[in-house]
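Dear colleague,

I am handing over a structure to you, with the sequence alongside. My notes on it follow below.

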Amino acid sequence: MGAESRLEKVAETLRHLGIVAVLQMEKRDPQYRAVCDVVKTHGELAGARLALMNALVSYKLSGKGEEHWLYFGQYFAERGIRDFCRDFLEYIDTSPYLKVGRETRKKRILKICRYVPDLEDLSATLRQLSQLLSADPEQKTLVFAIKMLNYAYMCSRGVDRLLPFDIPIPVDYRVAHLTWCAGLLQLRPEEAMRSYREVQRVWDVVARKSGIPPLHIDTVLWLAGRAVLYGENIHDVPQHIIDLFRWREECRHLSTRR
């Protein structure tokens, strides 16, 4: 089965799953729960600012993403905020998941720690972040930050809100691997991470065909990835969704390092 046929199969399966089910899955996302814990402690805007900063340093983690976000949620849910910049820099020094390149992460945070995001217009927020960081607006941590800001908004207000179709999927370790595992690209995962726009193009097409925006598809990939890559279905992802991303036999035996 070629990539085009696989794309149609993935899009059809996600369309049948439906956006309502995907939004329900988001409530089980450890990232959502961590952001909610921080929002409940500090309020919508302060919690959103902290979630934004954590998203922007969520790369090259020393451990799995779930544990990184659990640590973030517990850390800030138990502390008052005196100064966003100083407090977040202390968090970077403390977190065992951010020990690689701490100084580089700190420099990035110093560029945006006074920034107050517009939770009503996330597309405008993405453009502003891109300017502040002098970074590609489609770069992984920037679009991922928009997803976390939406989590803060939804948790604070008790509503579901669809993200724009024109904000692409963040291409991280799991997304790159599952794109390859599903047979949607011939690029090996390591190369796919470097060619992230190609991965985003694939999921943009899947999003249009399935009716599910890319950043919400990201939740399905991220939660299913724990089962596909590590054999741990800790997020209760439906088996047929897991099987959808196990098209390549090699995907059953990947490293458990992340």
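How many salt bridges does the structure hold? It holds 17, where a salt bridge is a side-chain nitrogen of Lys or Arg within 4 Å of a carboxyl oxygen of Asp or Glu.

Before the details, a word on the source. This is a predicted model, in which local features need pLDDT of at least 70 and side-chain atom pairs count only at pLDDT 80 or more, while totals for chains, interfaces and linings use all residues. Residues are numbered from 1 along each chain as its sequence is written, and side-chain values use heavy atoms, with hydrogens and water left out.

Salt bridges

Side chains of opposite charge can pair when their charged atoms come close. One such pair is aspartate 160 and lysine 27, whose closest N and O atoms are 2.6 Å apart. Aspartate 160 sits in the loop between H9 and helix H10 (173–181), and lysine 27 in the loop between helix H2 (19–26) and H3, so this salt bridge ties together parts 133 residues apart in sequence. Helices here are DSSP runs (H or I, at least four residues), numbered from the N terminus. Aspartate 160 has a relative accessible area of 47% and is partly exposed; lysine 27, at 30%, is also partly exposed. The cut-offs are under 20% for buried, over 50% for exposed, and partly exposed in between (1.4 Å probe, protein chains only).

Arginine 197, in helix H12 (residues 196–210), forms a salt bridge with aspartate 136, with 2.5 Å between the closest N and O atoms. Aspartate 136 is in the loop between H8 and H9, 61 residues away in sequence. Arginine 197 also forms a salt bridge with glutamate 138, at 3.5 Å. Glutamate 138 lies in the loop between H8 and H9, so that pair ties together parts 59 residues apart in sequence.

Elsewhere, Glu66, Glu67, Arg174, Arg226 and Glu232 are linked in a network of salt bridges.

Nonpolar cores

A nonpolar core is a set of buried Ala, Val, Leu, Ile, Met, Phe, Trp, Tyr and Cys residues joined through side-chain atoms within 4.5 Å. The largest has 51 residues, of which Phe72, Phe88, Ile109, Leu129 and Ile146 touch the most other members. Helices supplying at least two residues each include H3 (30–42), H4 (44–56) and H9 (140–157). H9 gives the most, with twelve residues. Apart from this core lies another of 44 residues, among them Val171, Tyr173, Ile217 and Tyr230.

Regards
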